[in-house]
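Please open the structure in the viewer and display the side chains as sticks. The tour proceeds from one selection to the next.

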Amino acid sequence: MNDTDAPQNPSDSGSPRRERRAARSRRKKGGAIAAGVLVLALGAYAAVDAYDLVPGLPGVLTTEPQVEVQTVPTPQARAQQVPAPASAVDDSAPVPTQIPKEIDTVLKESKIKGFGLEVRDGLSDDVLYAKNETKPRTPASVTKVLTAAASLSAIGGETRLETTTDFDADTNTLTLTGGGDVLLSAGVSDPGSVNGHGGLRTLAEDTAAALKDENITEVALDLDTSRYVGEDFDSGWERVDIAKGVITSIQPIMVDTAYIGSKQAEWRGRSEHPAEDAFTIFERELKKTGITVTEAAAEPESEDSKELARVESATISEIVEYALVHSDNVVAEMLGNEVAIAQGKEGSLDNGPDAVLEALGESVDLGRTHLVDTSGLSYDNRIAPHDLTTVLQASVVADDSLAGLISYFPVGGLTGTLHDRFGDEKNASGVVHAKTGTLSTVTSLAGGVLDAEGRYLVFSIQIDDVDKDKILEARKTADDIVTALANCGCR
């Protein structure tokens with residue numbers, strides 16, 4: 001299937017009826033609660049950092065050549081407390097002065113050349129090491145660091161996304177309205193989960209109860225996906241990657257980010273029509289409650305349409321963490337759309353990248369950065385190591401939602417795409433918090449680490465244009481650099 005065969009949006013996003021719904025749904029914001037420092041249960045992480053996670057995928061993933069790396073278990077969604085990175089607010093620990101010597105030793109021993117990297121003191125923002133730090137490079141999934149930071153800053157960490165049902169008595173039409181939650185479950189809402197915090201069965205049951213209170217047992221059923229506009233699949237992505245579980249059409253309502261097939265499988269594909277699938281599930285659950293469902297007529301919505309029920313997502317902070325730990329491209333692209341909406345733009349794949357940069361540009365200089373998507377799938381994205389560490393250091397000293405950014409990254413030797421890295425390193429295991437990025441010719445790592453004497457450091461390490469047969473060696477070199485930082489008592 002080529003790009004012109006993309007699944008059609010089941011709603012007419014250009015109609016006045018859809019526009020009114022979109023405006024109404026954007027005004028509705030859920031109740032806020034403080035977001036804790038959470039990561040997901042140990043050994044239960046995945047989704048698609050492109051090549052990081054799915055070595056068994058058939059054929060090409062985004063470009064040749066394909067890379068074979070270790071897979072990560074299919075994502076599960078139960079939240080669990082794990083240690084957060086140490087705070088850098090205590091300035092009593094000594095600043096390491098011999099970091100250049102330590103890093104240069106690693107680079108000298110490596111056969112990989114062409115690294116761009118920067119290390120900064122987390123509190124003072126002093127640059128402790130820099131090499132080709134201002135050259136923009138293909139970042140792969142490290143792009144999600146910027147998307148996450150913009151989401152926390154622009155949307156707000158305590159915000160929740162809402163999936164609602166609205167009833168128009170004049171046309172007897174019930175409308176399921178997508179509010180951006182791509183982590184719905186088909187069943188009951190689970191407040192202890194991120195993926196499945198809101199459930200379509202719960203929404204259907206609550207909707208049916210409200211209808212029956214009005215003595216209504218038969219409705220026409222409609223779907224509104226007008227929250228997002230424009231093309232729902234980027235022209236730079238490969239449609240074959242849908243079946244490989246890498247990405248899907250970005251629509252404002254999905255169940256389990258559109259994954260299909262057994263959760264026990266090593267890797268799963270995604271549906272090509274996630275909103276329609278969610279609509280079908282909701283219709284089935286509504287019928288189970290005793291409500292008769294008919295097809296909606298193409299009639300304009302009256303001004304008297306009212307909300308009957310809603311389910312809410314986990315907080316944006318928790319969703320950001322899910323996107324980073326799982327390196328989930330679908331969630332990252334959804335967040336890009338939501339950043340655009342928060343910035344007063346229409347939610348779209350076209351607006352998301354610019355909105356992310358605008359949201360961050362209010363506080364940090366990202367003049368060298370160029371984004372064409374918000375997940376990192378595109379080879380046309382460009383980020384310089386210096387720009388990444390600028391965002392990371394800003395999060396260390398932040399006093400708002402952005403302050404949690406690094407704590408949401410995978411943890412070395414424990415979680416997500418770092419579950420099998422740094423495990424044998426005494427000072428790095430459980431201490432390194434970093435976002436990985438891997439494409440067939442790209443490896444990158446950005447995050448924070450507490451050194452051996454208690455100083456918190458932030459770093460960004462990037463290499464692109466690496467030969468396929470050297471990609472794992474390049475990744476090892478990046479790990480060796482971070483391990484050197486963790487071991488550093490180097491004054």
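Select D479 and R421 to begin: both residues are buried. In this predicted model, their side chains meet in a salt bridge, with N and O 2.6 Å apart. D479 belongs to helix α11 (residues 471-487), whereas R421 sits in the loop between α10 (385-396) and β12 (433-439), so the pair ties together parts that are 58 residues apart in sequence. Side chains of opposite charge can pair in this way when their charged atoms come close.

Remain on helix α11 and select K476 and D480, which both lie in that helix, 4 residues apart, or about one turn of the helix. Their side chains also form a salt bridge, at 2.8 Å from N to O. D480 has a relative accessibility of 29% and therefore counts as partly exposed.

Next, select R201, R284, E285 and K288. These residues are joined into one network by salt bridges that share partners.

Now move to R310 and E162. How far apart are the closest N and O atoms of this salt bridge? The distance is 2.8 Å. R310 lies in strand β11 (residues 306-315) and E162 in strand β5 (residues 160-168), so this pair ties together parts that are 148 residues apart in sequence. Is E162 buried or exposed? With a relative accessibility of 7%, E162 counts as buried. Its partner R310 is partly exposed, with a relative accessible area of 33%.

Finally, return to the view of the whole structure, which holds 18 salt bridges. The pairs visited here are among them, including R310 with E162 and D479 with R421.

Terms used. Residues numbered from 1 in each chain as written. Predicted model: local features only at pLDDT ≥ 70, side-chain atom pairs only at ≥ 80, totals over all residues. Heavy atoms only, no water. Salt bridge = Lys/Arg side-chain N within 4 Å of Asp/Glu carboxyl O. Helix = DSSP H or I, 4+ residues; strand = E, 2+ residues; numbered from the N terminus. Buried < 20%, exposed > 50% of the residue type's maximum accessible area, 1.4 Å probe, protein only.
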